[in-house]
Amino acid sequence: MSLAILLLLAFVPLEKGTIPFIPKDMAVTEGHIYLLGERGLEIYELLGDSLQVIYSSESPLRAIDADPIFLYLLDREGLKVITRGAEGAGVLKGGRFRDVAVSRLGIVYLLRWEGDRLYVLDIGEEEFTLSSPAQRLECSPAGFLGLGREKEIEITDSRGIPLEKFTGDYRDFALGPGGLYVANEEGILRIDLESWPSSYRMISDSAIQLIDCNGDTVYYMNARGELYLTFPTN
């Protein structure tokens, strides 16, 4: 994929945000960054310049996501939910799941371990069969979903119906109000889904490993374990 690069976004390092490892997963809420530990056993919370373990699991964790109140964890038993401070841990839904994503409205999306089914937990529970299996799952504030496959990210509605598709290598991706953010070997692409492929912007450097969004702010971690945030502009 040939891309002309536009470099125009300020990035700000988080004070004392260097982590001595690259986490497996990251979740961001207002004032909090949750990092899934390198051994898959611990959840780290970064608040200001303090990094603390807030949750430990006897079995390796597979993925995490968060909303302003709850932290959602996937392990071998299924989906667990805890409040800040690791209070009230309990299994919300048992089963083998690969990834979890939560909308701003508190709707929980689960990707089955085989990657072929999507579960939606709201007031009730719905189940949908995907057009093809996926390995990764992300959710936008508006409820659109991003399904990550090998060299492909498919954007769908909240029920897994395909809408758009991004093709190319990537390390991680996130959905925010400004569109799709893709971390690849060149850096971070900001893609306006309404005008893709004609509208995109490259931000940051080429060593990005993890990325997440909170409102209009994009958080990312590079291969040196440094956490940054950016404020994308149109």
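Two residues are in contact when they have heavy atoms within 4.5 Å of each other. This definition is needed for the first residue described in this report, which concerns a predicted model.

## A buried residue in strand β16

Thr156 lies in strand β16. Leaving out residues up to four places away in sequence, Thr156 touches Phe144, Leu145, Leu147, Ile161, Pro162 and Leu163. The relative accessibility of Thr156 is 0%, and Thr156 therefore counts as buried.

## Confidence of the model

The average pLDDT of the protein chain is 81, and 83% of the residues reach a score of at least 70. Among the elements of the chain, the highest mean pLDDT, 96, belongs to strand β11 (residues 108-112), whereas strand β1 (residues 11-13) has the lowest, 52. Over residues 1-11, pLDDT stays under 50. For this stretch the model has 29 contacts beyond four places in sequence.

## An open sheet of four strands

In which order do the four strands of the open sheet follow one another? The order is β10-β11-β12-β13, and the pairing is antiparallel. Strands β10 (97-102) and β13 (125-129) are the edge strands, each pairing on one side only. On average, neighbouring strands of this sheet are turned by 20 degrees against each other, direction ignored.

Strand β12 (residues 117-121) pairs with β13 in the antiparallel sense, over five bridges. In β13, Glu125 is the bridge partner of Leu121.

Strand β12 also holds Tyr119. When neighbours within four places in sequence are left aside, the contacts of Tyr119 include Val108, Tyr109, Leu110 and Arg112. Glu125, Glu126 and Glu127 are also among the residues in contact with Tyr119, as are Lys93 and Phe97. The C-alpha atoms of Tyr119 and Thr129 are 9.0 Å apart in space, and the two residues are 10 residues apart in sequence. Is Tyr119 buried or exposed? Buried means under 20% relative accessible area; Tyr119 has a relative accessibility of 10% and so counts as buried.

## Salt bridges

A search of the whole structure finds 12 salt bridges. The table gives three examples, with the distance from N to O.

| Salt bridge | N to O distance |
|---|---|
| Lys80 and Glu77 | 3.0 Å |
| Asp75 and Lys80 | 3.1 Å |
| Lys165 and Glu152 | 3.7 Å |

The side chain of Lys80 meets that of Asp75 in one salt bridge and that of Glu77 in another. Lys80 is buried, with a relative accessible area of 15%. Asp75 counts as buried because its relative accessibility is 1%. Glu77, by contrast, counts as partly exposed at 48% relative accessibility.

Lys165 and Glu152 form a salt bridge in which the closest N and O atoms are 3.7 Å apart. This pair links distant parts of the chain: Lys165 is in strand β17 (residues 162-167) and Glu152 is in strand β16 (residues 152-156), 13 residues apart. Which residues are linked with this pair in a network of salt bridges? The network links Arg149, Glu152, Glu154 and Lys165. Glu152 is buried, with a relative accessible area of 18%, whereas Lys165 counts as partly exposed at 43% relative accessibility. Strand β16 thus contains Glu152 of this network, and it is also the strand in which Thr156 is found.

Key
Residues are numbered from 1 along each chain as its sequence is written. This is a predicted model: local features need pLDDT of at least 70, side-chain atom pairs count only at pLDDT 80 or more; totals for chains, interfaces and linings use all residues. Side-chain values use heavy atoms; hydrogens and water are left out. A salt bridge is a side-chain nitrogen of Lys or Arg within 4 Å of a carboxyl oxygen of Asp or Glu. Buried means under 20% relative accessible area, exposed over 50%, partly exposed in between (1.4 Å probe, protein chains only). Helices (H or I, at least four residues) and strands (E, at least two) are DSSP runs, numbered from the N terminus. pLDDT is the predictor's confidence in each residue, from 0 to 100. Two strands pair if DSSP finds at least two bridges between them. Axes are lines fitted to C-alpha atoms, for helices over the stretch in contact, and angles run from 0 to 180 degrees between N-to-C directions.
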